[in-house]
Amino acid sequence: MKNPRRGFLSSVAGGAAAIPYFAWAPRTLGDETKAKNDRVALGLIGAGGIAHANIGAAKDWVDLVAIADVDAGRREAFNEKHAGGKAAVYDDYRRILERNDVDVIHVATPDHWHTKPVVEAMLAGKDVYCEKPLTLTIDEGKLIRKIQKQTGRIVQVGTQQRSTFPLFATAMALVAEGRVGRIRQVQAAIGAAPSSPALPVAQVPKGLDWDRWQGPVPLADYRFLQGPATKDKDGKEKLPQANTNGHYEFRWWYEYSGGKLTDWGAHHVDIAMWALALNGQTAGPTAIGGTAVHPVTFEDGVPLQHDRYNTATEFFFNVDFPGGTKLFIRNDTDNGVLIEGNKGRIFVSRGKLAGEPVDQLKDNPLPEGALAKVYKNLPMQENERKAHWANFLWCAKNNKEPISDVHSHMKMLTICHLAGISARLGRSLKWDDSTEQIVGDEQANAMLARPYRKGYEIEM
Ligand SMILES: NC(=O)c1ccc[n+]([C@@H]2O[C@H](COP(=O)([O-])OP(=O)(O)OC[C@H]3O[C@@H](n4cnc5c(N)ncnc54)[C@H](O)[C@@H]3O)[C@@H](O)[C@H]2O)c1
């Protein structure tokens with residue numbers, strides 16, 4: 001049974017009916033939720049880089065009451081910075097899930113540590129904002145969808161481009177209003193990924209619980225290499241980002257992530273698939289193939305060298321949909337999403353919205369309510385990260401599906417994961433969207449899931 005929802009954000013006006021087209025200012029969700037008793041008690045799991053931005057964005061509405069991180073230095077510093085040292089800190093996030101005074105959970109751990117706390121948080125009666133990409137495998141997505149349905153909890157994924165006004169929202173409204181016509185192809189350009197030199201086994205930094213950091217993944221040595229110091233423009237020495245298989249750089253290891261294909265793929269493939277859905281093309285893919293360059297050799301989908309980054313550095317994938325629509329995922333052109341229909345094409349990125357249908361807006365503006373419609377008639381905010389949090393908290397309060405829901409997210413993340421499987425095996429794959437299985441390729445199908453290390457199984 002659902003926990004009764006607490007009375008937070010209760011003064012927010014009820015949905016888009018009360019918030020006219022593009023009317024985020026001057027009345028914002030933040031202004032309306034200053035009352036102390038409206039605040040939401042939040043438990044954070046993973047106090048790393050993005051958590052700083054997220055808690056900063058949510059701070060008008062949430063009280064950070066508990067922080068879990070497997071790095072003692074990080075959890076203490078986070079507590080000082082964002083909770084004045086007053087939050088409870090833990091090595092094991094499960095202590096947060098046991099607390100009845102925590103309303104919502106933010107999961108901002110590395111990708112291999114998303115599914116387990118998300119599932120357990122939902123089962124503990126919490127609503128969850130989890131960073132993208134929601135899962136490390138396709139089958140983990142099936143589980144999250146199942147538990148979300150079973151518990152009815154609200155889960156927002158951290159694909160904040162969905163809450164970006166006006167750029168992405170206007171692009172989506174143009175699509176929804178038929179200004180590009182029927183979409184024939186979409187392109188998600190997501191940039192190249194780095195490689196690294198061989199990284200030596202290194203001493204685990206003091207305070208980092210490396211066993212728990214790896215959690216469900218087979219144990220590996222900690223690796224670290226500090227690059228040479230360089231000078232900044234004022235002549236001051238600065239250390240470049242270190243190469244490691246730990247903090248931040250986990251992105252470039254298939255053990256912990258999907259590389260660029262899921263890191264940025266989760267953002268731009270999401271926009272591409274959102275556009276297709278708004279265009280009435282909701283079917284999943286039928287096939288995916290292409291080329292990928294890896295910094296290491298693979299055999300049977302497994303990297304043969306274990307001392308350096310192993311995810312694809314360059315790639316070009318071609319995804320087929322019923323009816324002949326195509327999606328391209330590539331690294332080699334301007335970062336952004338290109339949407340091409342039979343009436344026109346638009347390009348949208350974090351800094352640009354261009355194309356003839358955009359130019360035509362001055363003579364033929366979007367109808368009133370067009371943005372609100374693509375935003376599922378939910379309240380809007382100017383800053384995208386704040387907007388995404390506002391969206392989550394409002395949906396948690398009002399028991400609505402948020403803008404980055406688990407279903408649309410897994411539909412598109414499945415494509416990113418399939419690209420990763422195809423890259424590692426070096427062959428094209430056929431996909432049956434109704435059974436969510438790869439067709440006629442047992443080896444590839446085995447990569448839809450991953451084993452969990454003993455002691456780190458999902459607790460259900
Ligand atoms: N939405 C966005 O634009 C965006 C931007 C950056 C990162 N992200 C996502 O956020 C996630 C985190 O990325 P990051 O760059 O902040 O990484 P990070 O390495 O800086 O932070 C991750 C933190 O999680 C901690 N951690 C690991 N295992 C844990 C566990 N079991 N319990 C508690 N804490 C644990 C680590 O010690 C680290 O402090 C990734 O999934 C990434 O894709 C999203």
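In the predicted model examined here, strand β12 (residues 287-293) is joined to strand β15 (residues 314-320) by 7 bridges, the two strands running antiparallel. Helices (H or I, at least four residues) and strands (E, at least two) are taken as DSSP runs and numbered from the N terminus, and two strands are regarded as paired if DSSP finds at least two bridges between them. Residues are numbered from 1 along each chain as its sequence is written, and side-chain values use heavy atoms, with hydrogens and water left out. Because the model is predicted, local features need pLDDT of at least 70 and side-chain atom pairs count only at pLDDT 80 or more, whereas totals for chains, interfaces and linings use all residues.

Within the pairing of β12 with β15, F316 in β15 is the bridge partner of T291. β12 also pairs with strand β20 (residues 429-432), again in the antiparallel sense, over 2 bridges, and here A287 stands opposite K430 of β20. These strands belong to an open sheet of 9 strands, which has mixed pairing and the order β19-β18-β17-β7-β16-β15-β12-β20-β21. The edges of this sheet are occupied by β19 (353-354) and β21 (437-438), each of which has a single partner strand, so that one side of each is left without a neighbour in the sheet. Strand β18 (residues 345-348) pairs with β19 through 2 bridges in the antiparallel sense, and V348 has L353 in β19 as its bridge partner. Helix α14 (residues 406-425) packs on the sheet, where it touches β12, β15, β16 (326-330), β20 and β21, and its direction makes about 55° with that of β12; contact here means heavy atoms within 4.5 Å, and angles run from 0 to 180 degrees between N-to-C directions, with axes being lines fitted to C-alpha atoms, for helices over the stretch in contact.

A second open sheet consists of 6 strands in the order β3-β2-β1-β4-β5-β6, and its pairing is parallel. Its edge strands are β3 (88-90) and β6 (155-157), each pairing on one side only, and the twist from one strand to the next averages 25°. Strand β4 (residues 104-107) and strand β5 (residues 127-130) are paired in the parallel sense over 4 bridges, with V104 standing opposite D127 in β5. Helix α5 (residues 115-123) packs on this sheet and touches β1 (40-45), β4, β5 and β6, its direction making about 160° with that of β5. Along the pairing of β4 with β5, C130 in β5 is the bridge partner of V107. Both faces of β5 are covered, since D127 and Y129 on one side and V128 and C130 on the other are all buried, where buried means under 20% relative accessible area, exposed over 50% and partly exposed in between (1.4 Å probe, protein chains only).

Residue L64 lies in strand β2 (residues 62-68) and is buried, with a relative accessible area of 10%. When neighbours within four places in sequence are left aside, L64 is in contact with L42, L44, I55, F78, H82, A83 and A87. Of these residues, A87 is separated from L64 by 23 residues in sequence and by 6.4 Å in space, C-alpha to C-alpha.

Two helix pairs were also examined. The axes of helix α2 (residues 49-58) and helix α13 (residues 384-398) come within 8 Å and cross at roughly 70°, and the two helices are therefore roughly perpendicular to each other; angles under 35 degrees count as roughly parallel, over 145 as roughly antiparallel, 65 to 115 as roughly perpendicular and the rest as oblique. The crossing of α2 with α13 is right-handed, a crossing being left-handed if the near helix is turned anticlockwise from the far one by less than a right angle, and right-handed if clockwise. The residues that meet are I50, A53, N54, A57 and A58 in α2 and R385, K386 and W389 in α13. By class, this contact of α2 with α13 has 5 nonpolar, 1 polar and 2 charged residues, where Ala, Val, Leu, Ile, Met, Phe, Trp, Tyr, Cys and Pro count as nonpolar, Asp, Glu, Lys and Arg as charged, and the others, Gly among them, as polar.

For helix α7 (residues 167-176) and helix α10 (residues 265-278), the axes come within 8 Å and cross at roughly 25°, and α7 and α10 are therefore roughly parallel to each other.
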